[in-house]
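Here is a short briefing to read with the model open beside you. It goes through strands, a helix and some charged pairs in turn.

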Amino acid sequence: MANAVIFSDIMAHLVGRVDTELTALGFTGTRVGILADDTDSQVILRRDGGTRRSKTIMTDSIGVNVYETSYANAETLARTVMAVFDDLPNGTPIVDVVPESSIQDVTDLKAQRRFMRFAVDHRGTNL
């Protein structure tokens, strides 16, 4: 298995990075995770498939739902999340992020919700 490549848990990596960045930007009450709950302010990440682009690069399509209590808060948080994703590539493991959709309003009877999707290229390492 000299040529085998293993990829990191990209979802755990993304949750940690997005949470750290949002906290640093003052969104201390915003929960970041992969499963939604009844928290008023949250960013929920979902892997929507992907492809292996080369021996060492995987591309995952990441859907992001933003939940907030008001229109203004939802817009602010969604625009901030878009900027955070733009800043994620650093080579370890994320090498590129491309928006697949802009911020979209989503009809939700319980809260203000926004949705966006990103193609996240990440590098694997030798096994």
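In this predicted model, strand β5 (residues 94-106) runs antiparallel to β6, and the two are joined by nine bridges. Strand β6 (residues 112-123) also has β4 (residues 57-68) as an antiparallel partner, this time over 12 bridges.

**Strand pairing**
- β5 and β6 make a hairpin, with five residues lying between the two strands.
- To find your place in the β5 pairing, look for I94, which sits opposite H122 in β6.
- For the β4 pairing, a handy landmark is I57, which faces R123 in β6.
- As you follow any of these strands, keep in mind that side chains in a regular strand alternate between the two faces of the sheet.

**Helix α1**
- Helix α1 covers residues 10-24; its 15 residues should span 21 Å at 1.5 Å a residue, and the end C-alpha atoms are indeed 21 Å apart, so the two values agree.
- The buried residues of α1 are I10, M11, L14, V15, R17, V18 and L22.
- Several elements help to cover those buried residues, including the strands β2 (31-33), β3 (42-52), β4, β5 and β6, as well as α2 (71-86).
- Just after α1 comes G26, which has a positive phi of about 100°.

**Salt bridges**
- The model has five salt bridges by the distance rule used here.
- E75 and R114 are joined by one of them, with N and O 2.6 Å apart. This pair connects distant parts of the chain, as E75 is in helix α2 and R114 is in strand β6, 39 residues apart.
- Are the two partners buried or exposed? E75 is buried because its relative accessible area is 18%, and buried means under 20%. R114 is buried too, with a relative accessible area of 1%.
- R46 bridges to D48, where the closest N and O atoms are 2.5 Å apart. With R117, these two residues belong to a network of salt bridges.
- R46 has a relative accessible area of 38% and therefore counts as partly exposed. D48, at 30% relative accessibility, is also partly exposed.
- R31 pairs with D37, their closest N and O atoms lying 3.2 Å apart. R31 is partly exposed at 27% relative accessibility, and D37 is partly exposed at 37%.

Definitions and conventions. Residues numbered from 1 in each chain as written. Predicted model: local features only at pLDDT ≥ 70, side-chain atom pairs only at ≥ 80, totals over all residues. Heavy atoms only, no water. Pairing = 2+ DSSP bridges. Helix = DSSP H or I, 4+ residues; strand = E, 2+ residues; numbered from the N terminus. Expected span 1.5 Å × (residues − 1). Buried < 20%, exposed > 50% of the residue type's maximum accessible area, 1.4 Å probe, protein only. Contact = heavy atoms within 4.5 Å. Salt bridge = Lys/Arg side-chain N within 4 Å of Asp/Glu carboxyl O.
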